[in-house]
Amino acid sequence: MDQILTNTGYLFQYPVLNLAFIIDGIMIGSLFALAAYGLALVWGVMNVKNLAQGDFVIAGGYCSWWLVKTGWLQSIGLSDNAVALLGVPIAFVVMWGIGWMTYKLIITRVIERDLFTSLLATFGLAIMMAQILNLMFGSDTQSLQLDYKTYSFAGGFINLPMAKVIGTCMAAGLAVAVIIFMKRSRMGQAIRATAQDSRAARVMGIDTEKVYAFTFSLNAAICGAAGAIIVMVWVIQPFYGITYSVRAFVIVTAAGLGNLPGVIAAGLGIGAAEQYGAHIFGIGYQQAIAVTLLLIVLFFRLLQQRRKRQALN
Amino acid sequence: MSNIIEAHGVSKSYGGVKANTDISLTVKKGGITGLIGPNGSGKTTMFNSIVGYHPIDEGSIKFEGQEISKMLVPEIARLGLLRTFQQTRIYSQMNCVENMLISMPHRKMSLMDAFRRNTKADTDKAEHLLEFVGLYEKRYLQAGSLSFGQQKLLEFAMALMNEPTVLLLDEPTAGINPTLINGLIDRLKRANTEFGITLFIIEHNMRVIMNMADHIYCLAHGQMLAEGTPAEIQDDQRVIDAYLGAH
Amino acid sequence: MSKNWILYIALLAITVAAPFLFPSYTAFLATLWLFIVVAQAWDMTGGQMGYNSLGNIFFYGTGMYAGAVFAIGLYYNVGEWTDASRSEIFSFTAGQYYTGMVVGIIGAGLFCGLCALIIGPLFFGLRGPYFAIGTLGLAIAAGEIVSNIEWLGGGQGISMPHSPLHPDFEKVLIYFLFAGLGVVLFIFCKWFYSTRFGAAINAIRDDEEKAEAMGIHTLRYKTITWAISAVFVGAAGAVSAFQLIHFEPLETAYQTINLGIFMVVCVLLGGKGTLWGPVIGAILFHVFKEVTWNYFLGGQWVALGLLIVIIVVFFQDGLMGYLKHRRPEWFGIKVESKDKEAAA
């Protein structure tokens, strides 16, 4: 308890700490927002709540990590940093393939079923993926140590590693690309039409099966790219997936479906909230904070609904 | 006769659409009150406001003198104010008798009562009411396998089983074979007189409502257009215009 | 009727005789009963009431810790006990051990029931997927928080007092504790589902909005059902605590992805919303798991994930659901026959 008070005191004693947390929070939060956007996409289009979301992220991270560690691309003259950057699009493509396979093998069979079925099926998938990653890469935490510079401000209170800045920019770039794709392309329009009314879309000649497969693959790919960015700066571990899934749910629940600015804002907010939480309660509580935020958001939404005389469903 | 439901100045809008504007109405205890109006005139919205399906923007709704406009659906239902649905809702996986037994008035039960099994008397009552609506032969069939009209009758019987003080019926004759409508009117009237249940009915079929109600309210475009006895409503030029689409 | 009685008595006799007939399988059978208890308890809310919880393991973990705290706290300061962690400073006499066991198991059950009564009103505003995710969050959060509480031993977990019994006898005792819970729960459920209360929670499952509109005390019934189920899961957790001697928070107590999901899979395999489904499902799942465990060469967990997916996707109605579909008359369901309809 004393520890908590002291830590909270520091925030007022050194106001610049707040800035540091917010910057850090925004950088990691942009990646949470990416995963949440994918979740909202799949949720909105095919009404599947994907609990394996975080495991796609982690799998993408391992994909890029393995690419750097195996050293094939370095042997043709690329630096570690270049391979890590290249890992992002490669993870995107690889996870697209894995997402497509997942859709064809599992998701397509649960779309029309009740919600608990898809939730449980993806939970089983999450367990399976985490265990496969564990068998392949071991249960140690992994990260890429890239030799980018770190800039320090405000007498060392704010550290800004270049890798984080690059990662955040890549996340933003990916988000913009996906949003433009959804607005402009024919496939993007078909996806949005299917989200509004899949039966009407089918009647109008849209191949909804194709749209579903595409949406799910896109989601996995976005998650994979996010994971590849994460592994550049932060750590991954086979069993961290569920926390990322929970974060994605927190963000989507807080923002509501089909609310893109909300998803971004909530993503950044959750990122910052976790930084503050980890500072105040200690780093050991990081997972607990992520999950507790879920409960807080759920009950906040519940109170909102109650005022409307409704339940949250 | 005293008023059992008193709604005063109720307004409700969905986004920009005003579904109900400043509606005031009263339902007399022990009577049959009708609510009519063209499609989209806000009848079901008014019903939903009364039973608590959504918050109202303005106004007050009182049931037996108690303000209910802030209460939740189950709380209002437990006061004895019951409704049936326009799209019938029954428990389709259970048979008719089970449907009836579930509709036992739980609000009159203590927690310990709930841990008892249903008695012979309960089953008898359920079967008696099924006979009353003409579903006795089908009482052991799965409710989901009944026709829409039969499900409607079952829902009505379930409502009676619950011994409500007031029953709100949303279009009880819609989807029912016209040859059976007279029988249904008769049963609704008997429910009112024999069981002493106050009825508040939304109805499209003018012949039906004119035959039953003591007092009728007519809505149009979300506003109260007219009220009065069936005879007065029948002769009201505004009501006739509203139904024929003139303005 | 009399036939059924013979069946039940025969099953009870087998239950009692099993650890003596197959002494080398006592631990296996004890775990089987644990699975039956948690599956049956899960089915009370998941199958009968339609509230699919992914976090019932919360009550199992909380039951473990509550059992430990009650049993140890009777005689020692819990903080000092966990500090000393396994050193032999503290010891329990036989009398203290059994008293602690009884108090721990009953106390854990009641404590978990109380927890459910308190959190029920919060969680039962959440419907469908939100309830599932919310309860999952609860279980994960509880595990993470408990592993940070030093008083409860933190991430290292907590050690239970040593049993005065010979390990072989201890195993039999644990078996009978689990089996006793299972039998009591089964009898309770058989009675419970036949009451008006049981009918009311079925109504909530089939159409909650209708049930609300009919004036059923939905929240009260939901919370009480969850609390009863929590009592049994919590008590089972406490028995597990005594069985395991030492346990730690994330892998053993709040084991979200092991037992937490197995109980759901057991119920799905046997058939949701039936009395025998969870029992049969637990037996099938546990036997399958134990028999195949050694053939996967390290890939067991992958195989289990795959099994979950396969069961959910292809066999969700379970054995009882399949039978209900093929032989509705066994379950007393009557459907109007085609020819009768044609005649009418």
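Biologist: What makes the pair of Glu163(B) and Lys125(B) a salt bridge?

Modeller: The term requires a side-chain nitrogen of Lys or Arg within 4 Å of a carboxyl oxygen of Asp or Glu, and in this pair the closest N and O atoms are 2.4 Å apart, so the pair of Glu163(B) and Lys125(B) meets the rule. This is a predicted model, in which local features need pLDDT of at least 70 and side-chain atom pairs count only at pLDDT 80 or more, while totals for chains, interfaces and linings use all residues. Residues are numbered from 1 along each chain as its sequence is written, chains are lettered from A and ligands numbered from 1 in the order in which they are written, and side-chain values use heavy atoms, with hydrogens and water left out.

Biologist: Why is the pair of Glu163(B) and Lys125(B) said to tie parts of chain B together?

Modeller: Glu163(B) sits in the loop between α6 (148-161) and β7 (166-170) of chain B, whereas Lys125(B) belongs to helix α5 (residues 120-133) of chain B, so the pair joins parts that lie 38 residues apart in sequence. Helices (H or I, at least four residues) and strands (E, at least two) are DSSP runs, numbered from the N terminus. Over all chains, the search of the whole structure finds 18 salt bridges.

Biologist: How do you know that salt bridges also cross from chain C to chain B?

Modeller: The rule finds four of them across that interface, and Glu209(C) forms a salt bridge with Arg89(B), with the closest N and O atoms 3.2 Å apart. In contact there (heavy atoms within 4.5 Å) are 29 residues of chain C and 35 residues of chain B. The two chains bury about 3,100 Å² between them, 58% of it on carbon and sulfur atoms, where buried area is the accessible area (1.4 Å probe) that two parts lose on being put together, summed over both. Arg196(C), Lys210(C) and Met214(C) supply 27% of the area that chain C buries against chain B, more than any other three residues.

Biologist: What does the interface of chain A and chain C show under the salt-bridge rule?

Modeller: Here the rule finds zero salt bridges, although chain A and chain C bury about 3,600 Å² between them, 81% of it on carbon and sulfur atoms. The contact takes 40 residues from chain A and 38 residues from chain C.

Biologist: Why is α2(A) called roughly perpendicular to α10(A)?

Modeller: The axes of helix α2 (residues 16-46) and helix α10 (residues 241-255) of chain A come within 8 Å and cross at roughly 70°. Angles under 35 degrees count as roughly parallel, over 145 as roughly antiparallel, 65 to 115 as roughly perpendicular and the rest as oblique, so the crossing makes α2(A) roughly perpendicular to α10(A). Residues making the contact include Phe32(A) and Trp43(A) of α2(A), and Tyr244(A) and Arg247(A) of α10(A). The residues of this contact divide into twelve nonpolar, no polar and one charged, where Ala, Val, Leu, Ile, Met, Phe, Trp, Tyr, Cys and Pro count as nonpolar, Asp, Glu, Lys and Arg as charged, and the others, Gly among them, as polar.

Methods:
Axes fitted to C-alpha atoms, helices over the stretch in contact; angles between N-to-C directions.
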